[in-house]
Amino acid sequence: MPDPIDDYRTKPAQLIAHLLGNESEGSLLAVLRDAGLADGLSAGVGRGDGNEALFTVSISLTPTGAERLDDIEATLFAAIEQLRNEGLADWRYEEQADLNEQAFRFQQHGAPQQEATRLAMNLSRYPVEDVQYAPYRMDGPDEERQQAYLDALTSDNMLRVYSAPDVESDTVTPLVQYAMERANTRPVEPGPWRTGATRTQPLHRQ
């Protein structure tokens, strides 16, 4: 996806991560948990290079979920498609902005050396007037930019990584001696997702 650094004033990527990582009833995690496929989920944006960034969704699988990776992938992209089609409600943005404001006001400061290092790093990324507030600043929703980030979250742009003790490896990375296997996965259509009166559920359960 685009590197969100230029959109730090409105934070569309952070809002998307918040909605996908939500654990309330009807959320992506609730759907996967009810289907017995997962027991944990988090979403967020990794550090970018100024042009692009990695948006990560990490899912802790159950044994059943480990056997249904395609179903989980399809459910994830169906959830993204739902956000893309329905848009991101302003009240959700305001909720996240309030949380950010509280986090800024009541943040725990580290040792002076750590604070100096943090501010120096922020100076390389943000204007000097926002060097302290930039990570928390949310001026208002930008629907056009929100849509641009959602449009970048497609299966064509995805790197799927599965990690488990029983994975058979055919390659060892040269730097950290990490065993891995490369595999080409077929595209998965976003499908097992439907909206009921009060919650969203997988279409197919086994």
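Me: Is Phe104 buried, exposed or partly exposed? What's the call?
Reply: Partly exposed. This is a predicted model, and in it Phe104 has a relative accessibility of 24%. Buried would need a value under 20%, so Phe104 misses that label.

Me: How many aromatic pairs are there?
Reply: The count is 3 aromatic pairs. One of them is Phe104 with Tyr136, a tilted pair with 5.4 Å from centre to centre and 55° between the planes.

Me: Which parts of the chain does that pair tie together?
Reply: Phe104 sits in helix H5 (residues 90-105) and Tyr136 in the loop between H6 and H7, so the contact ties together parts 32 residues apart in sequence.

Me: And Tyr136, buried or exposed?
Reply: Buried, because its relative accessible area is 19% and the cut-off is under 20%.

Me: Which residues make up the aromatic cluster there?
Reply: Phe104, Tyr133 and Tyr136 form one cluster.

Me: OK, moving on to Arg137. Where is it?
Reply: Arg137 is in the loop that runs between helix H6 (112-123) and helix H7 (143-152).

Me: Buried or exposed?
Reply: Arg137 counts as buried, at 18% relative accessibility.

Me: What does its side chain make a polar contact with?
Reply: With the side chain of Asp130, at 2.4 Å.

Me: Which residues does Arg137 touch, leaving out those up to four places away in sequence?
Reply: Tyr8, Arg9, Lys11 and Asp130.

Me: Lys11, then. Where is that one, and what's its phi?
Reply: Lys11 is in the segment before helix H1 (12-20). Its phi is near 55°, a positive value in a residue other than glycine. Most residues other than glycine have a negative phi.

Me: Is Lys11 buried or exposed?
Reply: Lys11 is buried, with a relative accessible area of 10%.

Me: New topic: pockets. What volume does the largest pocket have?
Reply: About 930 Å³. It is lined by 26 residues, and the closest to its centre are Val57, Met158, Leu159, Arg160 and Val161.

Me: Which strand and helix each supply at least two residues of the lining?
Reply: Strand S2 (55-61) and helix H4 (69-86).

Me: How does the lining divide into nonpolar, polar and charged?
Reply: The lining of the largest pocket has 19 nonpolar residues, 5 polar and 2 charged.

Technical notes:
Residues are numbered from 1 along each chain as its sequence is written. This is a predicted model: local features need pLDDT of at least 70, side-chain atom pairs count only at pLDDT 80 or more; totals for chains, interfaces and linings use all residues. Side-chain values use heavy atoms; hydrogens and water are left out. Helices (H or I, at least four residues) and strands (E, at least two) are DSSP runs, numbered from the N terminus. Buried means under 20% relative accessible area, exposed over 50%, partly exposed in between (1.4 Å probe, protein chains only). A polar contact is a pair of N or O atoms within 3.5 Å; within protein, one must be able to donate a hydrogen and the other to accept it, and residues adjacent in sequence count only if both atoms are side-chain atoms. Contact means heavy atoms within 4.5 Å. On a 1 Å grid over the protein atoms alone, a cavity is a set of points where a 1.4 Å probe fits but cannot get out, and a pocket is an open set with protein on both sides within 12 Å along at least five of seven lines; lining residues have an atom within 4 Å of a point. Grid points are joined across faces, edges and corners, and a volume is the space filled by probe spheres set on the points. Ala, Val, Leu, Ile, Met, Phe, Trp, Tyr, Cys and Pro count as nonpolar, Asp, Glu, Lys and Arg as charged, and the others, Gly among them, as polar. Rings of Phe, Tyr and Trp (its six-membered ring) pair if their centres lie within 6.5 Å; planes under 30 degrees apart count as stacked, over 60 as edge-to-face and the rest as tilted.
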